[in-house]
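Reader: I would like to work through a model feature by feature. Please give the rule each time, then the case.

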Amino acid sequence: MKTLLLIAALLGSSFSYAAKTYQVTGPVLEVTDSKIVIEKGRDKWEIDRTADTKVMGELKVGEKVTIEYTMAAKSVEPKESKGMKKKK
């Protein structure tokens, strides 16, 4: 029984969590090897493009595209809550 639990725990820990994916659609404003800029409403969305980015077809300025993306934290800086006091 303990062996089964250990195996289940090891198998469960070997799977990585996949980040939620999102989509944005709009006309392409700019395309480079490192980014794609599209217009969504009045906003410009600049999305990084990496070696892992899969492009089906040719990207052209003015063409309407749908981009699937994930969000990842670059850094996190905890902030003190208003109700907490600093310890001296």
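Reader: What percentage of the residues of the chain count as buried?

Author: Buried means under 20% relative accessible area, exposed means over 50%, and partly exposed lies in between, with a 1.4 Å probe and protein chains only. Of the 88 residues here, 12% count as buried. This is a predicted model: local features need pLDDT of at least 70, side-chain atom pairs count only at pLDDT 80 or more, and totals for chains, interfaces and linings use all residues. Residues are numbered from 1 along each chain as its sequence is written, and side-chain values use heavy atoms, with hydrogens and water left out.

Reader: Which secondary structure elements does the chain have, and in what order do they run?

Author: Helices (H or I, at least four residues) and strands (E, at least two) are DSSP runs, numbered from the N terminus. The chain has one helix and four strands. The order from the N terminus is α-β-β-β-β.

Reader: How do β1 and β2 pair?

Author: Two strands pair if DSSP finds at least two bridges between them. Strand β1 (residues 21-31) and strand β2 (residues 35-40) are antiparallel, with three bridges. Val31 has Ile36 in β2 as its bridge partner. The connection from β1 to β2 is a hairpin through three residues.

Reader: How many bridges join β2 to β3?

Author: Six, and the two strands run antiparallel. Val37 stands opposite Glu46 in β3. Again there is a hairpin, with two residues between β2 and β3. Gly41 in that turn has a positive phi of about 65 degrees.

Reader: How many salt bridges are there?

Author: Side chains of opposite charge can pair when their charged atoms come close. The rule asks for a side-chain nitrogen of Lys or Arg within 4 Å of a carboxyl oxygen of Asp or Glu. The count here is three. In one of them, Lys79 meets Glu77 at 3.0 Å, N to O. Lys79 is exposed, at 64% relative accessible area. Glu77 is exposed too, at 60%.

Reader: Which residues do salt bridges with shared partners join into one network?

Author: Glu30, Lys35 and Glu46. Glu30 bridges to Lys35, with the closest N and O atoms 3.6 Å apart. Lys35 also meets Glu46, at 3.8 Å, N to O. That second pair links distant parts of the chain: Lys35 in strand β2 and Glu46 in strand β3 are 11 residues apart.

Reader: Are Glu30, Lys35 and Glu46 buried, partly exposed or exposed?

Author: Lys35 is buried, at 19% relative accessible area. Glu30 is partly exposed, at 33%. Glu46 counts as exposed, at 55%.

Reader: Now the aromatic rings. How many aromatic pairs are there?

Author: A pair of aromatic rings is described by the distance of the centres and the angle of the planes. Rings of Phe, Tyr and Trp (its six-membered ring) pair if their centres lie within 6.5 Å; planes under 30 degrees apart count as stacked, over 60 as edge-to-face and the rest as tilted. The count is two. Trp45 and Tyr69 form an edge-to-face pair, 6.0 Å centre to centre, with 70 degrees between the planes. This pair links distant parts of the chain: Trp45 sits in strand β3 (residues 43-48), Tyr69 in strand β4 (residues 64-70), 24 residues apart.

Reader: Which residues form the aromatic cluster?

Author: Tyr22, Trp45 and Tyr69 form one cluster. Tyr69 counts as buried, at 18% relative accessibility. Trp45 is partly exposed, at 29%.
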